[in-house]
Amino acid sequence: MAAALALAGCTASPPAADPPTGRVVPAGGLRLVAFDGCDEALRQLRTAAKAAVGPWGLGPDGFMQLDAKRAGAVGGAAEGATSASTPDFSGTNVHEAGVDEPDLVKTDGRRIVTVNRGVLSVVDPASRRVTGRLALDTDAWQFSGGEGSLLLHGDRALVLLHAGRIVKGPVPDGHNRPVRTSQARLVLLDLVGSPRVVGDYRIDGLLVDARQVGATARVVVRSSDRLNFPHLPGRRTDAQRIAANRAVIDKATLDDWLPRYEIRDGVRTVGTGRVGCDRVSRPAGFSGASMVTVLSFDLGASALGAGDPVTVFADGDTVYGNGQRLYVTNDKRLRMWRGGGAGAGDAGTEIYQFDTAAGTPRFVAAGSVPGWLINQYALSEWDGHLRVATTTGDTWGRRTSSQSAVYVLRADGATLKRVGAVTGLGKGERIYSVRFVGGTGYVVTFRQTDPLYGVDLRDPAAPRVTGELKINGYSSYLHPAGDGRLIGVGQDATIQGRVTGTQVSLFDVADPARPARIAQHHVPGGWSEAENDPHAFLYWPPERLVVIPVTRPGVVTDRADGVKGTPSGGVLALRVGDKGFTVAGAVDHPGVLAGDGREWAPIRRSLMVDGVLWTVSDVGLKATALSGMTTLAWVPLT
């Protein structure tokens, strides 16, 4: 039920009297405790915030709170489910099979649903036409161009948006100034007939990520305080500004911290609320500057409820889930960055583990490891152990003090304890990709050449490197293709480390001691979205087909004004054979008229439905026959 019950046996302790020092907390040093009532929660929040506040407010190093960029790449290998009455189809490329992730397009074989620029469209793959379209309410401005993402369950779609409002209101210096209020917005739609909104949920904060198992969606939101610190005119000392900020904190209430939410039925507000202090936990030392909330929704229900929230006073930027447990991690580099000096890259990663097997997410354990993660693929649970790959040290300056490691942790009570580690990987380099397959981990580091390390993790207490392959360039995404093969997507590079264009590699890792690259396909000057977002990667096992979007630079036209041509943005299809790749073909989309020219519309995603390749861009979908890569239909979305 509530977080307080989940943490039974943990006793509250006062927060640290000193502000966070940025010291890496040793593995096992993290521990969440619940507040003993709302009055105690407010007292501890005020104490922690006053200790951490700087001249410009709360946030890294006491400066203005920064909205950390949402951790990028998510995705992995999952195949679409099939039945006798449902055509074969490819699901979203996800990290763990059976655990879906939000993306800009979804299909269940019966329909293709996509959301773009605030408009949800439904396409029938059989008739190859748009059967439904709904412009979502745009009364709120949106981040990321309003792109949004969605999850699909039966006849329901859950659209996830980064939204917010700009309002004017009084602040402590007596002036009315525009204040940005960020919100995560979730819209539940019924897709039967014309799409219609059946629920609209908004909560303070920024959407981090979400995971779906069956009809249950777990949504992670990051939020910050709503304290309005004064902008003191004239020349003031830091001490004067800090004193003024502490005076604001002394008057703050729980409403200035705990996330607020609003529930709508698509027409009107049907409920409002705030996360209860009985559902909030905190580490022993915290600043009160940021919170992570895990929400749970039943996509099969008639409407969206309150989300059954569970909140932790911590930061969070990466989400990994395997269906039974959900992990939220916090990259502490922003807090550690003190002018980019030595040690900035040594900040630790805090890890929070929740049991999500059923009902309300229940906190299980917390821990930390040195270094920082590249994305969610740096995390993987296997046989009750969490494997974490990180990089530490300076990777940006001339002093290449960086190195990488793989740590193995296991829950021991309320603590994730380190039970084993392999360190010293890729000295002077950083991690570019990670993939765990059963008891083996594959880690790619890069600075000038690309070592691919194989790590045997079958004995959690004694992991070891079994093999290493050095080649030019790097893979920023690794995909298991069965039979001891890995597919890598990244960039080729010169011996000096200068990248030269997209490369797709085929690795033979059947012998752990002798990994080898047996094939490579290079697109000079190319770049693929799959390099940093694996949702853009498609591998269709029945055809042994790899499909990725590839962007190539434009060329200078011979027009009098000398304007450069737009880049090309199609997809490349490769078949994987026993000895390498063969090119199956390519697909392009038409641009759209924009003023006196054409708007560039690169292909973003690829799907397989009943033997037909569907490609998706901002302007439409194209159906392509695999035989000869001939066009079957063009379905415009604009």
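**View 1. Ser 223 is tucked away inside this predicted model**. Ser 223 counts as buried because its relative accessible area is 6%, and the cut-off for buried is under 20%. To find Ser 223, look along strand β12, which covers residues 216–224. Leaving out residues up to four places away in sequence, Ser 223 touches Asp 204, Gly 205 and Pro 259, as well as Ala 289, Ser 290 and Met 291.

**View 2. Phe 35 and Phe 313 meet edge-to-face**. The structure holds twelve aromatic pairs, and here's one of them: Phe 35 with Phe 313, 6.1 Å centre to centre, with 85 degrees between the planes. These two rings come from distant parts of the chain, 278 residues apart. Phe 35 sits in the loop between β1 (32–34) and α2 (38–52), while Phe 313 sits in the loop between β17 (310–312) and β18 (318–321). Both Phe 35 and Phe 313 are buried.

**View 3. Tyr 201 and Tyr 261 are stacked**. This time the planes are 15 degrees apart, and the ring centres are 5.7 Å from each other. Tyr 201 belongs to strand β10 (residues 196–204) and Tyr 261 to strand β13 (residues 260–264). That's another link between distant parts of the chain, with 60 residues separating the two. Tyr 201 and Tyr 261 are both buried too.

**View 4. Phe 286 joins Phe 35 and Phe 313 in a cluster**. Remember the two rings from View 2? Together with Phe 286, Phe 35 and Phe 313 make up one aromatic cluster.

**View 5. Arg 430 sits over a ring**. The ring belongs to Tyr 432, and Arg 430 lies over its face, 3.9 Å from the ring centre.

Definitions and conventions
Residues are numbered from 1 along each chain as its sequence is written. This is a predicted model: local features need pLDDT of at least 70, side-chain atom pairs count only at pLDDT 80 or more; totals for chains, interfaces and linings use all residues. Side-chain values use heavy atoms; hydrogens and water are left out. Rings of Phe, Tyr and Trp (its six-membered ring) pair if their centres lie within 6.5 Å; planes under 30 degrees apart count as stacked, over 60 as edge-to-face and the rest as tilted. Helices (H or I, at least four residues) and strands (E, at least two) are DSSP runs, numbered from the N terminus. Buried means under 20% relative accessible area, exposed over 50%, partly exposed in between (1.4 Å probe, protein chains only). A charge sits over a ring if NZ of Lys or CZ of Arg is within 6 Å of the ring centre and within 35 degrees of the ring normal. Contact means heavy atoms within 4.5 Å.
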